Amino acid sequence: MAYEGELNSSDLVQRSDVDGVAKLTLNAPRSINALSEAMMAALSDTLDGIAEDRSVKAVILRSAGDHFCAGHNLKEMTERRSDPDGGFQYFQDLFAKCSAMMLRVVCLPQPVIAEVKGIATAAGCQLVASCDLAVVAEDARFATSGVNIGLFCSTPMVALSRNVPQKMAMEMLLLGDFLPAARVAQLGLVNRVVPRGELEESATEMARIIAKKSPVAIRTGKRAYYRQTEMALEQAYAYAGRVMAENMMARDTEAGIDAFTRKEPMPEWTGE
């Protein structure tokens with residue numbers, strides 16, 4: 001097993017495509033798949049490629065080793081304390097790169113499913129919260145634990161607070177405790193909790209179902225969902241109405257509605 005520093009950037013995120021589903025594996029298990037600069041760059045580049053790949057209908061984000069992701073690489077960050085400014089500019093740039101990577105997940109046309117085992121802490125928890133869906137093993141644990149070492153998880157807070165109720169977000173952020181999979185499922189951070197032996201198949205089955213839908217409907221719906229959540233109610237309805245009217249003009253939609261009204265099988269989706 002190679003150390004992260006011995007891996008090429010292409011090895012840090014391994015991609016495997018089957019039947020329209022792209023499986024991305026974070027591959028730095030010795031660092032608990034920490035979000036180093038190299039890891040974030042590799043994942044960002046991979047997501048950029050998928051965004052332009054019309055053969056990909058859904059994405060699964062998974063991990064090598066026993067755990068999902070431990071967040072930022074603190075050893076790498078600490079080395080920059082020797083910079084003339086104590087690392088301040090570096091830290092600003094690093095967190096900006098991380099935020100841009102998280103936004104890539106949210107803005108990706110294809111839905112992203114987190115397949116989580118072991119721990120997902122700090123920015124690793126943020127990564128799960130940034131995905132559209134999450135299937136997790138029964139032994140998975142989640143935390144925004146930066147507060148325990150004097151670093152409040154401010155950027156993970158952005159994704160977390162958009163997934164769970166306010167009081168629970170604050171509890172996770174202020175206490176820094178690990179929560180079990182069953183508890184975070186109750187809070188709405190993840191969708192399904194399954195035995196570890198069923199984790200891969202459960203996530204894959206969810207992706208397969210999505211991959212069978214019309215790509216134009218999926219990408220239209222994902223984009224609209226995140227945009228409308230930041231709008232006032234009246235504005236959201238006006239926006240969603242325009243989106244549905246535009247969706248109605250798609251070839252896939254016309255063909256799908258026609259097949260449904262005629263009680264015929266759904267057509268071969270073109271993505272147009």
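In which helix is the place of A41? In this predicted model, A41 belongs to helix α2, and the legends below take up this residue together with other local views.

**Figure 1. Residue A41 in helix α2.** The close-up is centred on A41, a residue of helix α2. A41 is partly exposed, with a relative accessible area of 37%. Its sequence separation from T229 is 188 residues, and the C-alpha atoms of A41 and T229 lie 28 Å apart in space.

**Figure 2. The aromatic pair Y90 and F91.** A search of the whole structure yields two aromatic pairs. In the pair formed by Y90 and F91, the ring centres are 5.8 Å apart and the planes stand at 65°, so the arrangement is edge-to-face. Because edge-to-face pairs are those with planes over 60 degrees apart, the angle of 65° places Y90 and F91 in that class. Both Y90 and F91 are buried.

**Figure 3. The aromatic pair Y225 and Y226.** The rings of Y225 and Y226 have centres 5.2 Å apart and planes at 85°, so this pair is edge-to-face. Y225 counts as partly exposed, with 48% relative accessibility. Y226 likewise counts as partly exposed, at 27% relative accessibility. Y226 also appears in the view of the largest pocket, among the lining residues closest to the pocket centre.

**Figure 4. A charged side chain over an aromatic ring.** R141 is placed over the face of F178. The distance from R141 to the ring centre of F178 is 4.6 Å.

**Figure 5. The largest pocket and its lining.** The space in the largest pocket amounts to about 630 Å³. Its lining comprises 25 residues, of which V106, A129, R162, N163 and Y226 are the closest to the pocket centre. At least two lining residues come from each of the following elements: α4 (88–107), α5 (123–130), β6 (133–137), α6 (154–160) and α10 (215–228). Sorted by class, the lining of the largest pocket holds 14 nonpolar, eight polar and three charged residues.

**Figure 6. The second largest pocket and its lining.** About 490 Å³ of space lies in the second largest pocket. Among the 23 residues of its lining, A70, G71, H72, N73 and L74 are the closest to the centre. Two or more lining residues are given by each of the helices α3 (74–78) and α6. The classes represented in the lining of the second largest pocket are nonpolar, with 13 residues, polar, with nine, and charged, with one. Helix α6 also supplies at least two residues to the lining of the largest pocket.

**Figure 7. The nonpolar cores.** The largest nonpolar core contains 56 residues. Within this core, L61, V116, V128, F142 and L189 touch the most other members. Helix α4 makes the greatest contribution, giving seven residues to the core. A second core, separate from the largest, has 13 residues, including A58, V194, A203 and I210.

**Figure 8. Residue L103 in helix α4.** L103 is located in helix α4, the element that gives the most residues to the largest nonpolar core. L103 is itself exposed, with a relative accessible area of 52%. Because the exposed class begins over 50% relative accessible area, the value of 52% assigns L103 to that class. L103 and C131 are 28 residues apart along the chain, and their C-alpha atoms are separated by 9.7 Å.

**Figure 9. Two residues other than glycine with positive phi.** Which loop holds N33? N33 lies in the loop that joins β2 (21–26) and α2 (37–51). Although N33 is not a glycine, its phi is positive, at about 55°. N33 is buried, with a relative accessible area of 0%. K263, in the segment after α12 (251–261), has a positive phi near 60° and is likewise a residue other than glycine. K263 is exposed, with a relative accessible area of 78%.

**Figure 10. Residue P165 in the loop between α6 and α7.** P165 is found in the loop that runs between α6 and α7 (166–175). The relative accessibility of P165 is 46%, and the residue therefore counts as partly exposed. P165 and I60 are 105 residues apart in sequence, with a C-alpha to C-alpha distance of 26 Å.

Conventions: Residues are numbered from 1 along each chain as its sequence is written. This is a predicted model: local features need pLDDT of at least 70, side-chain atom pairs count only at pLDDT 80 or more; totals for chains, interfaces and linings use all residues. Side-chain values use heavy atoms; hydrogens and water are left out. Rings of Phe, Tyr and Trp (its six-membered ring) pair if their centres lie within 6.5 Å; planes under 30 degrees apart count as stacked, over 60 as edge-to-face and the rest as tilted. Buried means under 20% relative accessible area, exposed over 50%, partly exposed in between (1.4 Å probe, protein chains only). A charge sits over a ring if NZ of Lys or CZ of Arg is within 6 Å of the ring centre and within 35 degrees of the ring normal. On a 1 Å grid over the protein atoms alone, a cavity is a set of points where a 1.4 Å probe fits but cannot get out, and a pocket is an open set with protein on both sides within 12 Å along at least five of seven lines; lining residues have an atom within 4 Å of a point. Grid points are joined across faces, edges and corners, and a volume is the space filled by probe spheres set on the points. Helices (H or I, at least four residues) and strands (E, at least two) are DSSP runs, numbered from the N terminus. Ala, Val, Leu, Ile, Met, Phe, Trp, Tyr, Cys and Pro count as nonpolar, Asp, Glu, Lys and Arg as charged, and the others, Gly among them, as polar. A nonpolar core is a set of buried Ala, Val, Leu, Ile, Met, Phe, Trp, Tyr and Cys residues joined through side-chain atoms within 4.5 Å.
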